[in-house]
Amino acid sequence: MLSGLIVPGCMLAALVAAAYRRLPAYDLFVEGAREGIGVAVRVLPNLAAMLVAVELMRASGLMDALCGLAAPAFEWLGLPGEVAPLVLLRPMSGSASLALVEKLLARYGADSRVGLIASTVMGSSETIFYTVCVYMSAVDRRATGYAVPCSLLGALAGTVLAGALFR
Amino acid sequence: MALQWLWLGMTGGSLVYAALCGRGQQMLAAALEGSANAISLTLTLGAGYLLFCGWLRILRALGAPEALERLLRPALRLLMPGVRGKEARQAVCMNLSMNMLGLGNAATPQGMEAMRLMEEERRKAPRIAHDMYMLLILNATSIQLIPTTVLALRVAAGSADAGAVVLPSLICTAVSTAVGAALGMLCRRREMRHA
């Protein structure tokens, strides 16, 4: 695919340019990779907090209960109730929602309305809580102001539009 | 604040609900599984961080962030007008462009760097908090040009037309980012007026 070619192409271009300018590419890479360790270490505790919460919601059955409650609201917004769990799960867990898309595609078919909407929702949105968690781990502050509600409403707008695009 | 309450609601709500449904026994195992997931996810993500941070260091030595910052300056002036520091602006630009290419693993370290630099600026200019919220919104509603993972899933599920969702996804993600950013700008204006 496209990004499968762009990235190696950019890497090659960077290496050629570095060689042309006699930059120590190897040293630079190692130096940068060392910074990468720090990033991973900073992210881990924040991820643990979020993923523990997600796993608890799943195992306690609270997630299913919320999905059941939300389904009528989604029907009202013009979305099939089958995608309600996906829409609720999407901001919390990338891997769990990906598994759910797989299940929906297998059950209803990739080219059915449910399959098309589920694919579009998955492909057009981001794991909001996780993203906010990870980015906030860079600063020792927890104030996210209006960032989370604005992101959620934005994602909801995209989701409703996905339902409207596949009538 | 929001994160605190969200997390409290998710964990506390689950534990209460589990107790009501008689699933209390399974909660400890589930919590441990969650933190095990965090470790395996960090390993996966960490592999990407090492690779992309190394590669980005080369790009930085070549002056790519400066060039990108010049290119995106008008957009930045509109969305995040409070960011003064050059380095912070460059990190923001790198973060957003990596995101558009669908390279979340490359975007994250840059975004964290941008947040760190903006937090440093915040001591002198508290208004930059709004620009930090905007960076969160832009990343949380990310514009992704091609949803590669979903396409692979559709092909695997035997779709006759796997690419049918590419254009709709692009439209939806653009709309979600536009709505999120517009709401963010409204909130910013309102809070500034009250401040």
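Okay, let's start in the loop between α1 and α2 of chain A, because that is where R22(A) sits, and R22(A) counts as exposed because it has just 7 C-beta neighbours inside 10 Å. What is the phi of R22(A), given that it is not a glycine? It's positive, about 60°. For background, most residues other than glycine have a negative phi. Keep in mind that we're looking at a predicted model here.

Since it's a prediction, let me do confidence next. The complex comes with an ipTM of 0.88 and a pTM of 0.89 from the predictor. For chain B, the average pLDDT is 91, and 99% of the residues score at least 70. Where in chain B is confidence lowest, and where is it highest? The low end is helix α7, residues 148–156, with a mean of 88, and the high end is helix α6, residues 128–140, at 95.

Now chain B as a whole. It has eight helices and zero strands. The C-alpha trace spans about 55 × 50 × 35 Å along its principal axes. Out of 195 residues in chain B, 44% count as buried. If you take contacts in chain B between residues at least 6 apart in sequence, 64% of them join residues at least 24 apart. Chain B is also split into domain 1, 46–128, and domain 2, 148–195, and the C-alpha centres of those two domains of chain B are 21 Å apart.

Have a look at helix α2 of chain B, residues 27–61. That's 35 residues, reaching 49 Å from the first C-alpha to the last, close to the 51 Å expected. Just after α2(B) you hit G63(B), with a positive phi of about 90°.

While we're on that helix, find S35(B), which is in α2 of chain B. Is S35(B) buried or exposed? Somewhere in between: it's partly exposed, because 16 other C-beta atoms lie within 10 Å, and being called buried takes 20 or more. Leaving aside neighbours within four places in sequence, S35(B) is in contact with A48(A), L51(A) and V52(A), on the other chain. Compare that with M134(B), which is 99 residues from S35(B) in sequence and 29 Å away in space, C-alpha to C-alpha.

That brings us to the interface. How many residues of chain A are in contact with chain B? There are 82 of them, meeting 84 residues of chain B. On the chain A side, the helices that each supply at least two residues include α1, α2, α3 and α5. The largest share comes from α2(A), with 26 residues. By type, the chain A side divides into 58 nonpolar, 16 polar and eight charged.

Another cross-chain spot is C187(B), in helix α8 of chain B, residues 166–194. C187(B) is partly exposed, because it has 19 other C-beta atoms within 10 Å and the buried cut-off is 20. Not counting residues up to four places away in sequence, C187(B) touches Y146(A) and C150(A). Within chain B, the C-alpha atoms of C187(B) and H130(B) are separated by 9.0 Å, though the two are 57 residues apart along the chain.

Okay, the core. The largest nonpolar core has 102 residues, and those with the most contacts inside it include V83(A), A118(A), V92(B) and L135(B). The helix giving the most to this core is α2(A), with 15 residues. Both domain 1 and domain 2 of chain B put at least three residues into this core. Zooming in on V92(B), and again leaving aside neighbours within four places, its contacts are L76(B), M80(B), V83(B), A114(B) and L135(B).

Last stop is α6(A). It has 12 residues and reaches 16 Å from first C-alpha to last, close to the 16 Å expected. Why call α6(A) largely enclosed by the rest of the structure? Because 11 of its 12 residues are buried. Among those buried residues are G115(A), A118(A), M122(A) and S124(A). What do the buried residues of α6(A) pack against? In chain A it's α4, α5 and α8, and from chain B there's α7 and α8 as well.

Note on methods:
Residues numbered from 1 in each chain as written. Chains lettered and ligands numbered in written order. Predicted model: local features only at pLDDT ≥ 70, side-chain atom pairs only at ≥ 80, totals over all residues. pLDDT = per-residue confidence, 0-100. Helix = DSSP H or I, 4+ residues; strand = E, 2+ residues; numbered from the N terminus. Expected span 1.5 Å × (residues − 1). Domains from an automatic or database assignment. Contact = placed C-beta atoms within 7 Å. Nonpolar A, V, L, I, M, F, W, Y, C, P; charged D, E, K, R; others polar. Core = buried A, V, L, I, M, F, W, Y, C linked by C-beta atoms within 7 Å.
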